[in-house]
Structures are given as C-alpha cells and as structure tokens.
Amino acid sequence: MTDDSDEVRVFDGVRLERVREHVWEIPRGGDMGAPARIFASEQLLEQIADDKTLRQLRNATHLPGIVGRAICMPDGHQGYGFPVGGVGAMDAETGCISPGAIGYDINCGVRMMRTSLTYDNVEGREAELVDALFANVPSGLGGGGIVEGDRDTVEGVLARGVDWALEHGYAVEDDIAHCEDEGMRLDADPDAISQKAKDRGKNQIGSLGSGNHFLEVQRVTDIYRPEVAAEFGLEPEQIVVLIHCGSRGLGHQVCSDYLRRIEQEHGDLLEGLPDKELAAAPAGSELADEYYGAMCAAINFAWVNRQLIMHRTRQVFERVFNRDWQAMEMELLYDVAHNIGKKEVHEVGVDADGRPVPVEEAVDREQRELYVHRKGATRAFPAGRPEVPAAYRDVGQPIIIPGSMGAGSYVLRGGERSMDRSFGSTAHGAGRTMSRTQAKNEFWGETVQNELRDQQKIYVKAQSGATVAEEAPGVYKDVDEVVRVSDELGIGDKVARTYPVCNIKG
C-alpha cells in the first residue's frame, strides 16, 4: 500500500489502512498492545477524524491486557481519554478495568416502551401531551426525582436494581423480563460507593437530568425486517416512547472517586499510558474489584432511574388519554446500556504461545473472560445467546439507537457478525459533530423549537433555550448513515425506524 492510494488515509499523523468496505485499521506499531479498527463509511470517517478520536483510539491500545483490537463505532467522537463510540476488551485476569473507558455517566442507556396507540390517537394532542410529560417527569440540573431517597432507599436501589422497583410498585414482572440483565447486576456492591456519591444520587432517583438526555414520544414509520419487528411487537404508525438517561450525579461521582484512587494507588500503571485519562486498575487488584462492584451498583441505580420515569410516563398517558396504561399495552420493549463495563466470556484468537491476537493472526481460538468496555456503544448479541431475554432469544437482542430530536431513531437486533467483529457491540446513537459551546453559537433554542414544530410537527419542551440549541439536529451525525454501516457490517441489523412526535429535555 502507498500513501497516495485510496487504501490508506492519514489524519493528524494517524495512519489508517482500508481492510474492506466500512472497515479501517490503525496497524499495531510502537508500544501499541493491539491494532485498532474504525467502522465507518467515507462520510463518517471524515467526521470521526475531525477531532482527537483517532488519537484516543490509538492510545487506548496501550491499556494492559487489551485483546483483539480497540474498536471505534460509526458514531464515534472525542471523549474523556477513551473515545465515545469506543469498545475495548481487556483480559479479566491479566488486563485491567478503566473507568475512563466506561464513562462518567455509568449505564447511560435507553429504553423503549411500545403501546397500542397509533399516531392518529396522538395527532392534534401533541402540545397537551408534551406539557403533561414536562410537568410530571423531573428534568434539568441538580436534584429532584420521582422518589425522595433516604438511606435505605438508596441502598436498596444500588443493591437490587429493578427488583427494588418491583417490590415498591413501580414495575411489573414483565418489565424485569425485558431489561438487560433483568435490571440487576448481581456483582453490585453498595459499600464500594462513597457517601458523597450516595448523597448526590438520593434526590435524583427518577429524573432525566440535562444535556442529551430526553424522553421522546415517537411513531413507527418504517419496518425493515417484518418477522423480527413482529417479535418485538412493532408495527407501522404505532406510538412508542424512548427514554434516554443514566445514573445522574451518583455515577459521575463514582467515576471521579475511582479515577482519583487509581492515580494515588496505581501511578506506575499510569506512567506507562500515553494519556492519564485512561487511568486503569490492574485486573485482580483490590481496587479493580471495588470499582467493578461500585460500577455495577451504579448500573442498578440507572436502571431504576429509567424504570421510575417509565412508571411516571404510564401515569401521564393514563391522565391524558383517560385509559388504563395496561389497556394501552404500555409495555417495555427493551432497556439497553451504552456506558458500561462487563465481565463477559468471548472467543478470542491466540498465537502459538497462547497470547491473544486478532483472529486473522491466530493459530487457535479459546474462550476467555474479558472486561468488555463499551463507552457510547451498545451490546448487540445475536440470536441464541443465553444473555438475550427469552422473549427475543430466537431473533436476537433488541438494540435502540436514538437520533437527534429532528431525525429518526432506530430499533435494530444483534447481528450475526457482531461477536467476531466487535465483541457483540454496535453504535449507540448519531454521535456529535459539534461541541455544546459551538452549538450555542450556531443555533438559537427558540428558533429550533419553532422550526421543529412548524416544519416537522415535532413538539419540544426543555428547561432552557440553551439546552435546545445544544441538542439541535444540526450538531449530530446522520443517524441513517450510522445505522446503514452497522447493518451492512452485520453487527446490528435494521428492524424498524421511528420518528419524533414530542420531546422533553432537561
């Protein structure tokens, strides 16, 4: 290959080689522990290369025990140390776990609730519905949630996840059956979470927060795989509700606490990394185990957060449409995380000495337990995997990929190539192309709201015009293109597309 070939690109000193359509590789060199891959079309690659994403991805290959390749999804963009849209798998015995490769908002994720309502039932009532949701679902910076948490409440949420919500009347059994991990991480250790983190979280249980978090009422516009859509309970013109939020201040504090402890206790590991924001605790260390327990507890907190918002949404729909939520069949389709780290068993390639290598270079394969880090990436397990809920095991795990509030969102299912190509992962959204500061300079919130309402019949309500400006449709990548790449690579298959009806933001 030559640098003037279409098969090689160089961005800011980072050399990429085309492997096949939509697949680019940063070859292993220097102190890199593995090569890296970017899944992107030509259009998306130019956007991904516009910030520090590629350098961050290359840096991530220096994390101890990395297996296979570091991966950047088609929605990738610059993050804290590790790129958003990044996936990294580290050996659970000889590798490490990195809070920066999971993210501050632990278990930021999405859940979709389907209904028996159609767009005809909602059209003409959008303003009433968006006002009622905004008035009843807490949002914005700071405290204020659906549940006022005392010490026992917070401990119960952290330890038991959605099972706690079921016991207290905020969930039904079917909700648990349709949530990733049934809404509870058994490895959760509330004692590994600081009191400061618990204090930040106790008044935020059941709240959207701010930034890119939202609750959006949508209608199903397109079906791509009818047999899978039928298993997911989706059909054209159906009304669904998408909820996007995470672990709020509690998760942020957990990440901050452990980053500081890693700096203090494992400075030798940090010295060997090209970016201190990749701070990691060695697998098997006391700190790695404590962080994993704390992270799993924060994951439980986030699942309860989304569960309570769904519970309140059901109540709002009951009042607006004067019908019982069960009569409207307001059922959880699925809840999936996209800022998370998990111990998972994967088949990995090994060389003649038993060292992990990319599959193409392997002389053998073996099953290994890995810390799979997904930061702004979604688990995408195919049909047959035991981790997929029984209701979907024959067709594959549902994947929910939100677009901007002026574009469509997508429901996918785990693709057959996801385990080989991406450790069972795909993209998590459209991915930003513009900073929040730049967005506020480019857009005026009230103008964005008016244009969405008048030109697209999308009703948006937020705590401030600045929030709307920061989340204007123009600050995101083309979600259609992101999903096209995922679908054509076989890591996440298109099932259905949805379109916004009304949206509330913090």
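## Strands β2, β3 and β4

Two strands count as paired here if DSSP finds at least two bridges between them. Keep that in mind as we look around this predicted model, starting with the hairpin of β2 and β3. β2 covers residues 14-20 and β3 covers 23-26. The two run antiparallel and are paired over three bridges, with R18 standing opposite W24 in β3.

β3 has another partner too: strand β4, residues 36-39, pairs with β3 in the antiparallel sense over four bridges. Here I26 is the residue to find, as I26 stands opposite A36 in β4.

## Which way the β3 side chains point

In a regular strand, side chains alternate between the two faces of the sheet. You can follow this along β3: V23 and E25 point one way, while W24 and I26 point the other way. Whichever way they point, all of these residues are buried.

## Two residues with positive phi

Now for the turn of the hairpin. Two residues lie between the strands β2 and β3, and H22 there takes a positive phi near 75 degrees. H22 is a residue other than glycine. Is H22 buried or exposed? Its relative accessible area is 6%, and because buried means under 20%, H22 counts as buried.

E329 also has a positive phi, of about 50 degrees, and E329 is not a glycine either. You will find E329 in the loop between α12 (286-321) and β12 (331-337). E329 has a relative accessible area of 42%, so this residue is classed as partly exposed.

## The second largest pocket

Rolling a probe the size of a water molecule over the atoms shows where empty space is left. The second largest pocket has a volume of about 390 Å³. Its lining is made up of 22 residues, and R69, V359, E360, D420 and R421 are the ones that lie nearest the centre. The elements that give two or more residues to this lining are β4, β13 (339-350) and α13 (418-422). β4 is a strand you have already met, as the partner of β3.

Which element gives the largest share of the lining of the second largest pocket? That is α13, with four residues. As for chemistry, the residues of this lining divide into 10 nonpolar, nine charged and three polar.

Note on methods. Residues numbered from 1 in each chain as written. Predicted model: local features only at pLDDT ≥ 70, side-chain atom pairs only at ≥ 80, totals over all residues. Heavy atoms only, no water. Buried < 20%, exposed > 50% of the residue type's maximum accessible area, 1.4 Å probe, protein only. 1 Å grid on protein atoms, 1.4 Å probe; cavity = no way out; pocket = protein on both sides within 12 Å on 5 of 7 lines; lining within 4 Å. Points joined across faces, edges and corners; volume = space filled by probe spheres on them. Nonpolar A, V, L, I, M, F, W, Y, C, P; charged D, E, K, R; others polar.
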